[in-house]
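Biologist: I am new to this structure and should like to be guided through it by question and answer. May we begin once it is shown?

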Amino acid sequence: MRRVRYESTGGPLFLEEAPVPEPGPGEVLVRVEAAGVTLPVVRKVTEAAEPVPLGGEIAGEVVVAGEGVTRFRAGDRVTGLCFGHGYADFALLQEPMASPVPDDASAVDAVALVRGGLVALGALDAARPATGESVLVTAAASGVGHLAVQLARIRGAGRVVGAVSGPGKADFVRSLGADDCALYGDARWGEPVDCVLEAVGGDLHTPALAALAPHGRLVAYSSGGGTIRAYDLLVGAKSVIGFQMALIARGRPQLYERWRQELWRLFADGALRPSVHGEFALEDAAKAHAVVEARGNLGKVVLRP
């Protein structure tokens, strides 16, 4: 089979031939039809001290179910988070991280919707917005952010604001249902909001906290790090909440499943519309990474083996 790999920090990415992996206990072997490209994976290539497998969201058809697998069998269509090589013709999924794909959805739909939607829905739940409260989403045009904007509106937010890196993304974010759009470089991001879903990290924590109204809540789910000063919290009685999807998937599988079902229901009803910025062949993985690294995507970037 083909898979994408790199040998040193920063790449380059290249395509190689490798044996088809065999599923161990509790794993399924999936013929990959779509793989999502995310900023955390891009950062692994550019920042990790040693090369790591390029995993992440995948979707496709089960070829072989390993020993002890009870929920899936050959021929089932699944999506999930791959911890090994996911940029490949075949990949392994641990059974708890896999979920079925409805008959009326494509593999690209699944990759664009499920993982990003779960993070968006989880971050929104962590913020606990009351009906009518305002929500601001950073990286609002990203694979997660564009779903978070829609979900905030669906969940009853009184005002939804998208924050983005450049003016070229504003129309896209407004088309998702955002009332306003702010640029990271603006001195102020408009009227204060009750909740911020913060996906960027780094220096953006400061303006994101400043955008909160007194007693507001910021949910941080970025892999970009950053520092938050206690004083910035004290002066407005503000809160910061950390969110990580992997902890929910492993520790609270019933909640994970409930969120997943909600996403597919909203998709089937036409209320939630995942957007795909572009589809790239495996051999063009470097081009897909460049789009995400430059924050140039409007929605999800997908690889198609």
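Biologist: Which residue in β11 does V135 stand opposite?

Modeller: This is a predicted model, in which local features need pLDDT of at least 70 and side-chain atom pairs count only at pLDDT 80 or more, while totals for chains, interfaces and linings use all residues. Residues are numbered from 1 along each chain as its sequence is written, and side-chain values use heavy atoms, with hydrogens and water left out. Strand β8 (residues 134–138) and strand β11 (residues 193–198) pair in the parallel sense over 3 bridges; strands are DSSP runs (E, at least two residues) numbered from the N terminus, and two of them pair if DSSP finds at least two bridges between them. Opposite V135 in β11 stands C195.

Biologist: Which are the edge strands of the open sheet of 6 strands?

Modeller: The order of this open sheet is β10-β9-β8-β11-β12-β13, with parallel pairing. An edge strand here pairs on one side only, and the two are β10 (180–183) and β13 (239–242).

Biologist: Is E16 buried or exposed?

Modeller: E16 lies in strand β2 (residues 14–17). Its relative accessible area is 16%; under 20% counts as buried, over 50% as exposed and in between as partly exposed, with a 1.4 Å probe and protein chains only. E16 is therefore buried.

Biologist: With which side chain does the side chain of E16 make a polar contact of 2.9 Å?

Modeller: A polar contact is a pair of N or O atoms within 3.5 Å; within protein, one must be able to donate a hydrogen and the other to accept it, and residues adjacent in sequence count only if both atoms are side-chain atoms. The side chains of E16 and R3 are joined by such a contact of 2.7 Å. The contact of 2.9 Å is made with the side chain of R5.

Biologist: Which element gives the most to the lining of the largest cavity?

Modeller: A cavity is a set of points on a 1 Å grid over the protein atoms alone where a 1.4 Å probe fits but cannot get out, and lining residues have an atom within 4 Å of a point. The lining of the largest cavity includes E57, T79, V111 and Y256. The elements that give two or more residues to this lining are β4 (56–65), β5 (77–82) and α2 (107–127), helices being DSSP runs (H or I) of at least four residues. With 4 residues, the element that gives the most is α2.

Definitions and conventions
On a 1 Å grid over the protein atoms alone, a cavity is a set of points where a 1.4 Å probe fits but cannot get out, and a pocket is an open set with protein on both sides within 12 Å along at least five of seven lines; lining residues have an atom within 4 Å of a point.
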